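Colleague: I'd like to learn how to read a model like this one. Could you walk me through it feature by feature?

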Amino acid sequence: MSSALLYQWMFLRLSKRFTLPFLAAAAVLLGFAFPPVARRVDEALPPLLAALAVLAFLTIAIVAALWVATAVYRLSPPRPAAWFPAAAPAIAAPLATTSALGRYDRIGIILAGGGAKGAYQAGSLAAIHGFLERRGALGNVRMVAATSVGAWNACFWLADMVSEESGSPLERWWSELRLSEVVAPTFYFPAARNFVLSADPWRHSFRKLFADHPPSRQRLESLMRDPDRLRFYLTRTNVERGHLEFSTNRRDMVDVDNYTGMRRPLEPPDRWTRAETLDDLEQAVFASMDLPPLFEHVRIGDETFEDGGVVDNVPIYFGTGIEKCDLLFVLLLNASFASGVGRRWILQRMQRVLTIRQGALERRALKDVYLYNELAALRGRVDATGAADAAPRVDPRSIETPAGSEAAFDEAATRSLEQRAAGRVHRPVQVFAVCPDEPLGIDTLEFWKTREAGRAFRLMREHTRYELERFDFAAEPNWIRVALVGPSGEVRYLEDF
């Protein structure tokens, strides 16, 4: 991203419906109104005050031109894309299979954030869908956790609008995307608003795709009524409290503590909300991808939220600690650090720092998987040796403690580290991870690059398909590596976590 990025968004990419009115209004204000005002100010005020007044007038004139252009754009917006998704077939029940995937009965999908780079992720998602479908394992996908643009891609999976075949709704959305269908200008005023664009067109796309299309709507509503088939977790950042929150279709966030047999909360009640309607889902998606400083803060209840990637760009924890999956497909967007160093533009430098930070968050998430698997292996060794202090196994059906009991927290605080570690019962998780490699054809904020988005989708679909066929799903979970797919299809592997 260069310092000309806002100029690119507002004047070159948005629409002539915005650019031409802005130029016309600016010409009137600066070409006709400015000269006489400047002369009168110069005659009436001392030089310093006159200069300040002229600068103030220039600022007001530019803002007024922006407001005129925004009003024209809002009154006559560009026509939206005239296409509708094909009817979505029902997900088939898991079939008997002799492939290595037959050993995995809890499959999860983890989708990172990355703005317009979501086109890469969408291509990988299509390849995974086809891979699982051919092996009769689609029904074993039990959860999807996503943040930022990953939450948008997750909606296509949840609505069963993903396919490996060309022309799927997911591919068409990314390949036919226009910036005017993502953002619109706002009535911006310096020091009065901390955002410059509106996500209203994107919300319109959400309703068109998922609310106004009966098969998609029925699928999503059925998942919210019956979350045990497929659970979702869409994360967001609470701005005031500075922590991660999420929306889910899960009815409760409690589990059985295998050491005490008590039901304990998995997450504090103020960290999550249940999505019960499509309106709830829409709010969750746009809170998750509220990219600062482009969009206005999303408010849910009386709290303010920002993009989920601010705190955790790869919500792997929901697939491990919450859902205890045995296979995770992790689709990263920032794990490659390699890039040239820009030495001219301030915004370019800031963007590079943010990219490095997001990449560090993604790598840290994979490090956490190592710890998770090592604890599982140690617990298995305890069981195998029949240690006397091994934690007792408890039949959850025998538990009568009320869900969310605070007593579980009090009891857990009295246990030693060894007792808590011994109480873990999860299995090691296998991880398949893939990420686009630098140099990227489309970056975080470049939603106007329709052609590049289509190429990114097809690149990752083809090479993720190839990596899936090569991956040894029969192996025991041990070493994690990320396949980094370059712009020409070259693949290297990242293992240094």
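Colleague: Let's start at the surface. Which residues make the nonpolar patch of about 490 Å²?

Modeller: A patch is built from residues with over 30% relative accessible area and no salt bridge; like charges are joined within 9 Å, and nonpolar side chains (Val, Leu, Ile, Met, Phe, Trp, Tyr) within 5 Å. Here Leu-45, Leu-48, Leu-49, Leu-52 and Leu-55 make a nonpolar patch of about 490 Å². Areas come from the Shrake-Rupley method with a 1.4 Å probe, and for residues only the protein chains shown count as cover. One caution: this is a predicted model, where local features need pLDDT of at least 70 and side-chain atom pairs pLDDT 80 or more, while totals for chains, interfaces and linings use all residues. Numbering runs from 1 along each chain as its sequence is written, and side-chain values use heavy atoms, leaving out hydrogens and water.

Colleague: Take Leu-55. Is that residue buried or exposed?

Modeller: Buried means under 20% relative accessible area, exposed over 50%, and partly exposed in between (1.4 Å probe, protein chains only). Leu-55 has a relative accessible area of 52%, so it is exposed. You'll find Leu-55 in helix H3, residues 47-75. Helices (H or I, at least four residues) and strands (E, at least two) are DSSP runs, numbered from the N terminus.

Colleague: Next, charges. How many salt bridges does the structure hold?

Modeller: The general idea is that side chains of opposite charge can pair when their charged atoms come close. The cut-off is a side-chain nitrogen of Lys or Arg within 4 Å of a carboxyl oxygen of Asp or Glu. By that rule the structure holds 28 salt bridges.

Colleague: Which parts of the chain does the pair of Glu-323 and Arg-250 link?

Modeller: Their side chains meet in a salt bridge of 3.5 Å, N to O. Glu-323 sits in the loop between helix H10 (317-322) and strand S12 (327-331), and Arg-250 in the loop between strand S6 (243-248) and strand S7 (254-256), so distant parts of the chain, 73 residues apart, are linked. Both Glu-323 and Arg-250 are buried.

Colleague: And what about Glu-276 and Arg-274?

Modeller: That salt bridge is 3.7 Å, N to O. Glu-276 counts as exposed because its relative accessibility is 53%, and Arg-274, at 25%, counts as partly exposed.

Colleague: How far apart are the closest N and O atoms of Glu-467 and Arg-470?

Modeller: They are 3.6 Å apart, and the two residues form a salt bridge. Glu-467 and Arg-470 are three residues apart in helix H14 (residues 450-470), so about one helical turn separates them. Glu-467 is buried at 4% relative accessible area, whereas Arg-470 is partly exposed at 47%. Elsewhere, salt bridges that share partners join Arg-134, Arg-135, Glu-164, Glu-171, Arg-461, Glu-462, Arg-465 and Glu-469 into one network.

Colleague: Now a polar side chain. Where does Asn-313 lie?

Modeller: Asn-313 lies in the loop between strand S11 (303-307) and H10. With a relative accessible area of 1%, Asn-313 is buried. For polar contacts, look for N or O atoms within 3.5 Å; within protein, one must be able to donate a hydrogen and the other to accept it, and residues adjacent in sequence count only if both atoms are side-chain atoms. The side chains of Asn-313 and Glu-362 are joined by a polar contact of 3.0 Å. A polar atom of the Asn-313 side chain also lies 3.0 Å from the backbone oxygen of Gly-113.

Colleague: Last topic, rings. How many aromatic pairs are there?

Modeller: Rings of Phe, Tyr and Trp (its six-membered ring) pair if their centres lie within 6.5 Å; planes under 30 degrees apart count as stacked, over 60 as edge-to-face and the rest as tilted. A search of the whole structure finds 23. Trp-152 and Phe-156 have ring centres 5.6 Å apart and planes at 75°, so that pair is edge-to-face. Both Trp-152 and Phe-156 are buried. Trp-152 also pairs with Trp-173, tilted, at 5.0 Å centre to centre and 50° between the planes. Trp-152 is in helix H5 and Trp-173 in helix H6 (residues 169-175), so this pair ties together parts 21 residues apart in sequence.
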